[in-house]
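Let's take a friendly walk through a protein model. Have the sequence and the 3D view ready, and look things up as you read.

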Amino acid sequence: MRRFYLIALLAFLGPASGQPGTVYITPELQRLIQAGGQNYANALLRQAPDQALCSIHRNRLPPEVLGSFIEEQRRLIKYPEGGRLMGDWKRGEAIYNTLARGNCFSCHVGSPLNIGGNVGPSLEKYGQRGTSEAVQRYTYEVIYNPWAYFPCTVMYRFGHGGLLKPEEIADVVAYLLDPSSDFNTKPALKR
């Protein structure tokens, strides 16, 4: 069954012919597809209804669907067991600054360990927002499912997509907000 999905995926993507819309299958891409298995192939071949809605409207949802879309995205948010929205900032630092985990620094400026990207907003001095329950909840929810606040954004939906567990997201929240975190006590690396 796994082999069927990989063959179907490769047939769907087509040969590297140089025609418009053609996806070039590099050896690295082929390796990643094969390593991903059936779930990965399924994700590539099927578009979720919320993603399809973003595609249909070219990432600009009309007012008549926006409210219900945001409500549905908020319903998808799951919280850590015990309800703690701030975990261990040292574990959060590792997640934030690791390509294979959060990879947050690739889009956001603010890390004292990595030069940040410019796709997302700067998170430099993010901890100045404080650690109130409202700030913790907002930060957690945006990381878990940013579509609950910014519909169709390109930011990963870390929790909703299963990329990070709720407890890991709480660790990233602590890294961003904890006053003793290196994120808030050391200067951000800049280009």
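## Who touches whom

In this report, two residues are in contact when they have heavy atoms within 4.5 Å. Keep in mind that what you're looking at is a predicted model.

Let's try that idea on Asn 184, which you'll find in helix H8. Leaving out residues up to four places away in sequence, Asn 184 touches Tyr 126, Gly 127, Tyr 175, Leu 176, Leu 177, Asp 178 and Pro 179. There's also Gln 128: its C-alpha atom is separated from that of Asn 184 by 8.1 Å, with the two residues 56 apart along the chain. Is Asn 184 buried, exposed or partly exposed? With 25% relative accessibility, Asn 184 counts as partly exposed, because that label covers values between 20% and 50%.

## The big picture

Now zoom out. The protein chain has eight helices and zero strands, so if you read the elements from the N terminus you just get α-α-α-α-α-α-α-α. The chain has 191 residues, and 40% of them count as buried.

How much area does the chain expose? About 11,500 Å², with carbon and sulfur atoms supplying 56% of it. As for contacts with a separation of 6 or more, 60% come from residues 24 or more positions apart.

## Two helices that cross

Next, find H6 and helix H7, which spans residues 166–177. Their axes are 9 Å apart, and the two helices pack at an angle of about 125 degrees. That angle makes H6 oblique to H7, because it lies outside the ranges for roughly parallel, roughly perpendicular and roughly antiparallel. The crossing itself is right-handed.

Which residues make this contact? On the H6 side, they are Val 135, Gln 136, Thr 139, Tyr 140, Ile 143 and Tyr 144. H7 brings in Pro 166, Ile 169, Ala 170, Val 172, Val 173, Leu 176 and Leu 177. You've met two of these already: Leu 176 and Leu 177 also touch Asn 184.

## Opposite charges pair up

Side chains of opposite charge can pair when their charged atoms come close. How many salt bridges does this structure hold? There are nine. One of them joins Lys 190 and Glu 124, whose closest N and O atoms are 3.2 Å apart. This pair links distant parts of the chain, as the partners are 66 residues apart. Lys 190 is in the segment after helix H8 (182–185), while Glu 124 is in the loop between helix H5 (89–96) and helix H6 (133–144). Lys 190 counts as exposed, at 52% relative accessibility, and Glu 124 is partly exposed at 30%.

Other bridges have partners just four residues apart, such as Arg 137 and Glu 141 in helix H6. That spacing means about one helical turn separates them, and their closest N and O atoms are 3.7 Å apart. Arg 137 is partly exposed, with a relative accessible area of 32%, whereas Glu 141 is buried, at 8%. Asp 182 and Lys 186 also meet in a salt bridge, at 3.6 Å from N to O. Here Asp 182 counts as buried at 17%, and Lys 186 is partly exposed at 44%. Finally, look for a network of salt bridges: it links Asp 88, Arg 91 and Asp 171.

Terms used: Residues are numbered from 1 along each chain as its sequence is written. This is a predicted model: local features need pLDDT of at least 70, side-chain atom pairs count only at pLDDT 80 or more; totals for chains, interfaces and linings use all residues. Side-chain values use heavy atoms; hydrogens and water are left out. Buried means under 20% relative accessible area, exposed over 50%, partly exposed in between (1.4 Å probe, protein chains only). Accessible areas come from the Shrake-Rupley method with a 1.4 Å probe; for residues, only the protein chains shown count as cover. A salt bridge is a side-chain nitrogen of Lys or Arg within 4 Å of a carboxyl oxygen of Asp or Glu. Axes are lines fitted to C-alpha atoms, for helices over the stretch in contact, and angles run from 0 to 180 degrees between N-to-C directions. Angles under 35 degrees count as roughly parallel, over 145 as roughly antiparallel, 65 to 115 as roughly perpendicular and the rest as oblique. A crossing is left-handed if the near helix is turned anticlockwise from the far one by less than a right angle, and right-handed if clockwise.
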